[in-house]
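Colleague: Mind if I quiz you on how you label things in this one? I'd like to hear the reasoning behind each term.

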Amino acid sequence: MNRWSALALLLAIAGALALRVPNLATRPLHNDEAVNAVKVSELWQHGRYAYDPDEYHGPTLHYASLPFLWLSGAHNSDELDDATLRLAPVAFGVGLIFLLLLFADGLGRPALAWAAIFIAVSPAMAFYSRYFIHEMLLVFFTALTLGAGWRYSQTRLARWAAISGVGLGLMFTTKETFVITLAAMGLAGIVTAWWTLPQPRRVQSLLALWNWKHAALALGATFVIWLLLFSSFFTNFAGLLDSALTYLPWLKRAGGHSPHIHPWSFYLERLAWFHPAKSPVWSEGLILVLAAVGAVVSLVGYCPSPINGERAGVRGENKFGLAQPAVLHRFLALYTIILTALYSAISYKTPWCLLNFYLGMILLAGIGAATLVEFFRARSLKAVMIAVLLGLTLQLSWQAWRANFVYPADRRNPYVYAQTVPDFLNLAQRIEGIARVAPAGYETIVKTIAPQSDYWPLPWYLRRFQHLGWYEKLPDDPFAPIVVVSAKLNARLDEKSDKKWIMAGYSELRPGNFFELYVELELWKKYVDTLPRDRD
Amino acid sequence: MKNNLSKSLLFAACASVLFATSIHAQDAKSTVPLALDLPLHTLKGTPEDLPGGPNIEPLSDVAPTPVQVPKGVKNVAAGISATSSVAPFLGELSRITDGKKEAVDDDAVEFRKGTHWVQVDLGQSFAIHAIAMWHDHRYVQAMHDVILQVSDDAEFKTGVTTLYNNDTDNSSGLGVGTDREYFEMQFGRVVAAKGIKARYVRGYTRGSNQSVLNCWQELEVYALPAK
């Protein structure tokens with residue numbers, strides 16, 4: 001790698017950190033993040049984790065978070081903050097850039113540099129690197145599997161086969177949707193081989209590449225990861241069967257039994273052009289256009305030169321009749337197209353799922369950018385092209401900054417979905433404030449009532465309280481010193497109690513979803529006495 | 001007889017000791033924290049992404065029960081230009097009493113954050129029977145610190161009557177209110193004034209759950225001439 005590529009990589013990492021690390025606690029936890037927080041706390045404090053085949057995805061997020069929790073200095077979940085929880089996806093989001101080095105000889109230095117920069121500044125990549133959910137880990141392990149697979153194809157070394165197997169195992173233990181990525185890899189691999197291998201000895205050529213020992217090693221590595229993580233390190237063997245049974249409920253959801261049914265264009269419109277009323281324009285069109293360029297040149301077998309010449313024998317044709325990097329490019333193009341089509345076709349959609357095919361798009365965008373620069377022979381025109389691309393990349397960085405620091409919980413942000421609104425933190429802080437003046441402190445009873453358990457992330461934010469009651473409808477005795485009730489239930493506890501309880505205000509959980517806070521009047525007065533007079 | 005008395009006294013003493021002991025035991029028991037069997041939370045998957053925009057998920061489409069007022073009351077604030085604690089940064093104060101209160105930007109008047117008021121001078125003292133107010137009902141939201149006061153003092157330093165106050169934490173410094181927060185809907189909020197006599201009407205707010213900014217759309221004062 002020469003100094004310009006190294007500099008580009010360093011700048012990409014610096015940019016990635018700048019967009020991912022600061023103010024991690026600004027946005028309140030999403031429902032899913034809070035559920036993950038409760039589960040990881042259980043693992044951290046009590047060593048207990050059992051894979052649930054019905055929901056909540058695989059174990060890697062929780063085990064990968066443990067080092068960050070150990071290093072945080074917190075002694076228990078009461079002392080944890082939201083920023084610490086989000087460090088694991090940040091690490092994997094930045095780590096993704098390092099994994100590009102596995103493709104260095106396949107992509108070429110210029111394409112690698114561009115891809116690294118695009119990963120760093122992509123609003124989608126940056127935004128979901130700050131989300132305590134499984135998606136960024138799945139993308140990381142996908143890149144590891146692909147990258148190690150490519151390294152194996154170049155070196156035929158057993159260790160790369162093993163690493164690829166580990167990557168596959170980690171994909172499996174991260175999220176059930178890995179099967180979609182696996183299907184795209186398989187289909188793309190078959191089509192690439194068929195397209196690339198010379199007639200009439202395609203099958204023989206393919207079999208000549210096959211190494212049973214290495215294949216067994218890879219599968220063995222996958223098996224070990226699967227065994228360790230789904231059994232929660234041999235404490236829950238039911239998790240092994242559950243890792244297969246989970247596809248029953250997930251197939252139902254994919255088929256339409258879910259509130260997350262969206263049209264085929266759901267992902268692409270968020271990436272290409274998102275402009276709701278009274279909102280700025282959002283577009284990662286730069287990456288999409290460059291990815292299209294990259295896909296076209298990859299499919300026709302053109303490689304932008306120079307490809308990295310650090311290792312002898314990489315250039316030129318191999319026995320397949322094409323320069324090997326071109327085979328990788330073609331595979332990436334087919335893989336990305338197939339994966340995009342699969343995700344778009346499945347009705348069940350949540351916006352973070354787009355990261356899976358977006359990784360391929362970014363790699364292709366790197367190839368596309370390198371191709372456009374290479375297209376111009378004159379150095380001055382190359383410089384102009386680079387300047388234009390960098391200028392547009394800067395605009396993308398500004399969108400990423402806006403997504404993370406200006407509109408982190410706002411529905412005008414294309415990547416915000418069913419997000420807890422910041423107002424809800426006021427409710428949690430208010431209840432904490434009441435606990436500080438309550439005679440029973442955190443032993444004070446708090447009852448939360450909401451249909452269909454729609455009160456998350458409140459269980460996480462009220463974790464310090466020892467006596468919490470959670471209800472889906474008004475219980476016979478709804479009263480407690482502190483009661484949080486969904487506004488839909490029209491509880492009117494203040495009227496029912498002859499104003500012995502006060503309705504202390506509405507708080508919004510998600511857009512249009514409100515909660516009422518009822519507090520026993522004398523307790524409320526004690527709390528009000530502690531509030532500063534001048535609150536402007 | 002002495003023996004009987006002694007026995008009775010002894011019996012009474014023992015009974016008293018036993019009774020006192022049982023009371024002490026009861027007292028000791030009543031100080032033990034009550035252990036309630038509270039249901040645990042349920043883990044939940046990704047919730048539905050509710051649509052954004054105006055008037056989403058209105059809590060009720062049914063208009064509230066109308067306030068009872070004497071025959072002949074009129075909106076005596078109509079056309080009277082309001083004043084305010086700070087100048088609006090969007091819209092004109094005249095919009096607050098122009099009779100237009102649709103959930104559109106052209107009918108809204110926006111003010112900066114903090115506790116701010118709008119005020120109407122009715123020109124003379126009226127017997128006020130109801131005051132109707134619409135804040136920002138372009139979006140479903142609850143305004144904070146909605147306080148409605150009337151007075152014959154333009155400065156609201158003396159003779160102030162508070163008709164409505166949902167500032168439950170006294171963040172606006174006008175006293176702890178016990179009225180409820182409510183959602184801004186097309187129905188507005190009508191406060192019964194029971195014929196109180198006053199010349200000036202002042203309404204406060206302090207942002208909402210959605211925004212720190214303040215916004216008014218209409219203020220109507222239904223009154224009869226003061227006798």
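Modeller: Go ahead, but keep in mind that this is a predicted model. We can start with A:Trp70, which sits in helix H3 (residues 60–71) of chain A.

Colleague: Why is A:Trp70 called exposed?

Modeller: Its relative accessibility is 57%, and exposed means over 50%, so A:Trp70 counts as exposed.

Colleague: And A:Asp454, in the loop between strand E1 (445–449) and helix H22 (458–461) of chain A: what makes that one buried?

Modeller: The cut-off for buried is under 20%. A:Asp454 has a relative accessible area of 12%, so buried is the right word. Its contacts, leaving out residues up to four places away in sequence, include A:Leu509, A:Phe515, B:Lys44 and B:Pro47.

Colleague: How do you know that A:Asp454 and A:Arg510 make a polar contact?

Modeller: Their side chains are joined at 3.0 Å, and the limit is 3.5 Å between N or O atoms.

Colleague: Now the interface. What makes A:Arg430 and B:Asp169 a salt bridge?

Modeller: The closest N and O atoms are 2.7 Å apart; the rule asks for an Arg or Lys side-chain nitrogen within 4 Å of an Asp or Glu carboxyl oxygen, so the pair qualifies. Between chain A and chain B the count is 3 salt bridges.

Colleague: How many residues does each chain bring to the contact, and what area is buried?

Modeller: Chain A brings 56 residues and chain B 42. About 4,100 Å² is buried between them, with 52% of that from carbon and sulfur atoms.

Notes: Residues numbered from 1 in each chain as written. Chains lettered and ligands numbered in written order. Predicted model: local features only at pLDDT ≥ 70, side-chain atom pairs only at ≥ 80, totals over all residues. Heavy atoms only, no water. Helix = DSSP H or I, 4+ residues; strand = E, 2+ residues; numbered from the N terminus. Buried < 20%, exposed > 50% of the residue type's maximum accessible area, 1.4 Å probe, protein only. Polar contact = N/O pair within 3.5 Å; in protein donor to acceptor, adjacent residues only side chain to side chain. Contact = heavy atoms within 4.5 Å. Buried area = accessible area lost by both parts, 1.4 Å probe.
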